[in-house]
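Grab the model and work through these exercises one at a time. Try each task on your own before reading its solution.

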Amino acid sequence: MQFSTFSAGKKISFSIDMDCNSIALTTQDEARQGILNWDAGGVSGAELIGAILHVVFEDGSRARSPLHSDTSNAGAMTEAMECYSPLPLSLTVTTRDGIFQSGENERTGRYGAGVPRIKLRGPPLGKVRVSLMKAFQPVNGDASLQAIIEERLHTHQASWPVNALFDIQTIDVILGEDGQTSLCNDAFVYDRTEDNDIVFTGMDTKPIAFTANLISSTSPARKAYPLSAVERVYLLNDGDPVGDGETRMKSFALFGDDAYVSIVGGYANVSNVQRFSLSAVNQTTTSATQIATGLRQSSLTVDASGQLWEADYGCSIDTSDERNPADEINFIPTSGETTSFSRGLCYTDFLSGELFENTNSGSTCHQGIPRANVTLVAGSEPSGMTFYVRTSIMSSAQCKINNNPVGLPESWSQSLIVAMAGSNDKDDPNGFKVQRVVLDDGTQEDIISYNGSSPRWVITMFSILASYGYFSLATEGSMVA
């Protein structure tokens with residue numbers, strides 16, 4: 001491209017669209033066979049992310065800059081600069097198959113089942129654009145044409161043999177004060193497209209790629225330009241979809257004719273809470289009413305009046321304060337509209353209880369999401385809870401030993417007893433305890449706690465024997481009462 005009237009102070013913007021099919025030596029119509037009528041060799045802007053734009057001026061001066069995502073599902077953009085000097089950034093992706101880092105020798109790997117864990121490291125408080133790109137070879141309608149393309153792909157780029165992208169997802173995040181952050185498990189959608197607009201067999205086991213680069217600003221997103229090289233990690237699937245589509249019951253609570261069930265599913269352990277009517281259990285089918293969404297590993301219990309409470313995990317995102325993102329205890333309304341807690345979008349600050357965006361931007365989260373009734377230190381991982389109700393018989397003469405009351409203290413009645421599985425990834429662990437929580441003022445009192453000796457014990461189940469005033473909990477291989 002040449003410009004003859006380009007003078008100082010002027011700016012020019014241009015776009016390029018390439019839909020060649022030279023990879024197959026065919027016309028466009030011949031190559032549009034198979035999945036979604038996709039072009040065999042079509043090139044969108046997103047497929048050029050990481051490429052370098054070079055500009056040469058008439059006086060011999062040069063400008064350059066890498067292309068990065070324009071936050072759409074197909075585009076890329078950049079702003080070429082004469083003084084381009086990329087800042088340092090590293091991208092690390094951890095899967096069950098290994099740890100893969102951006103860089104020529106380590107950036108191709110495999111993924112499956114578990115959510116890829118994404119960690120970024122760069123300048124403190126740097127703004128980073130991260131994209132997930134799903135890839136495939138779309139031609140499968142003509143066996144001979146498919147064979148030609150497959151052969152060429154495996155010959156020239158065997159480590160990642162694809163030639164088309166679909167479902168490009170992009171988010172902007174801000175690094176912590178230490179220059180690091182980890183993305184939340186539900187930052188990206190793996191088992192379907194983000195907009196649910198593309199469906200074909202095997203789409204959840206296709207090759208994927210992650211890209212990341214520092215950017216000038218997060219607002220407005222489409223005006224940002226890159227400040228670093230685009231770091232890339234390419235992954236092939238090892239046979240299992242992320243999350244594998246499993247759902248399971250995490251917890252349940254009963255009151256009257258109602259059963260409340262916490263259902264955990266997907267790769268990010270997202271919970272929704274449903275209400276079932278026990279009066280309908282003998283029917284062929286029992287309908288459920290969804291009363292809460294957007295929780296993580298939610299544990300349920302009801303108080304003496306039948307009000308429903310839950311405890312769940314905060315999002316797994318790095319922050320400058322190790323107490324964040326806080327785990328929570330929440331009241332769940334059982335009538336009216338479904339309550340959304342939006343763990344994928346927001347986290348709760350342990351001290352203030354304020355809700356902030358999961359991007360580490362420091363921006364408060366959008367309105368309409370309930371604030372926690374009680375905040376717990378990050379990594380506490382509440383695994384079960386119940387209300388302690390001390391009955392009148394427990395204070396009578398018949399329930400005394402040597403004239404001393406049996407069971408838990410009378411002052412604990414109506415308190416919430418919470419078992420916490422604890423954090424497995426901290427040098428100074430928290431959780432690994434049973435606490436008494438007073439909902440009125442948020443008071444938290446340790447009843448049993450981890451003493452630092454090895455091996456650590458992890459609470460897997462918890463129940464209160466209210467009629468006798470004792471509690472029991474199951475740990476790894478032992479019972480404490």
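**Exercise 1. Work out the strand order of the open four-stranded sheet and find its edges.**

Solution. Start with the order: the four strands run β18-β19-β20-β24, with antiparallel pairing. Strands here are DSSP E runs of at least two residues, helices are H or I runs of at least four, and both are numbered from the N terminus. Two strands count as paired if DSSP finds at least two bridges between them.

Next, the edges: β18 (299-302) and β24 (374-376) each pair on one side only. Neighbouring strands in this sheet are turned by 20 degrees against each other on average, direction ignored; the axes are lines fitted to C-alpha atoms, and angles between N-to-C directions run from 0 to 180 degrees.

Now zoom in on one edge. β18 and β19 (residues 308-312) run antiparallel and are joined by four bridges, and Leu 300 sits opposite Glu 310 in β19.

A word on the source: this is a predicted model, numbered from 1 along each chain as its sequence is written, and side-chain values use heavy atoms, with hydrogens and water left out. Local features need pLDDT of at least 70 and side-chain atom pairs count only at pLDDT 80 or more, while totals for chains, interfaces and linings use all residues.

**Exercise 2. Describe the surroundings of strand β12 (residues 208-214).**

Solution. First check burial (buried means under 20% relative accessible area, exposed over 50%, partly exposed in between, with a 1.4 Å probe and protein chains only). Seven of the seven residues of β12 are buried, so the rest of the structure largely encloses this strand. Both faces are covered: Ile 208, Phe 210, Ala 212 and Leu 214 lie on one side, and Ala 209, Thr 211 and Asn 213 on the other.

Then look at the partners. β9 (residues 127-136) pairs with β12 in the antiparallel sense over seven bridges, with Ser 131 opposite Thr 211. β13 (residues 231-237) pairs with β12, also antiparallel, over five bridges, and there Ala 212 faces Glu 231.

**Exercise 3. Which residues have the most contacts inside the largest nonpolar core?**

Solution. A nonpolar core is a set of buried Ala, Val, Leu, Ile, Met, Phe, Trp, Tyr and Cys residues joined through side-chain atoms within 4.5 Å. The largest one has 23 residues, and the best-connected are Leu 120, Val 128, Tyr 190 and Phe 210. β5 (90-95), β8 (117-121), β9, β12 and β13 each supply at least two residues; β12 gives the most, with four.

Step over to Phe 210. Leaving aside neighbours within four places in sequence, its contacts (heavy atoms within 4.5 Å) include Leu 91, Val 93, Tyr 190 and Leu 235.

**Exercise 4. Classify two of the aromatic pairs.**

Solution. The rule: rings of Phe, Tyr and Trp (its six-membered ring) pair if their centres lie within 6.5 Å, and planes under 30 degrees apart are stacked, over 60 edge-to-face, the rest tilted. The count comes to six pairs.

Trp 160 and Tyr 234 have ring centres 4.8 Å apart and planes at 55 degrees, so this pair is tilted. Trp 160 is in the loop between α2 (143-156) and β10 (164-174) and Tyr 234 is in β13, so the pair ties together parts 74 residues apart in sequence.

Trp 309 and Phe 387 make an edge-to-face pair, 6.4 Å centre to centre with 65 degrees between the planes. Both residues are buried, and ring pairs link Trp 309, Phe 331 and Phe 387 into a cluster.
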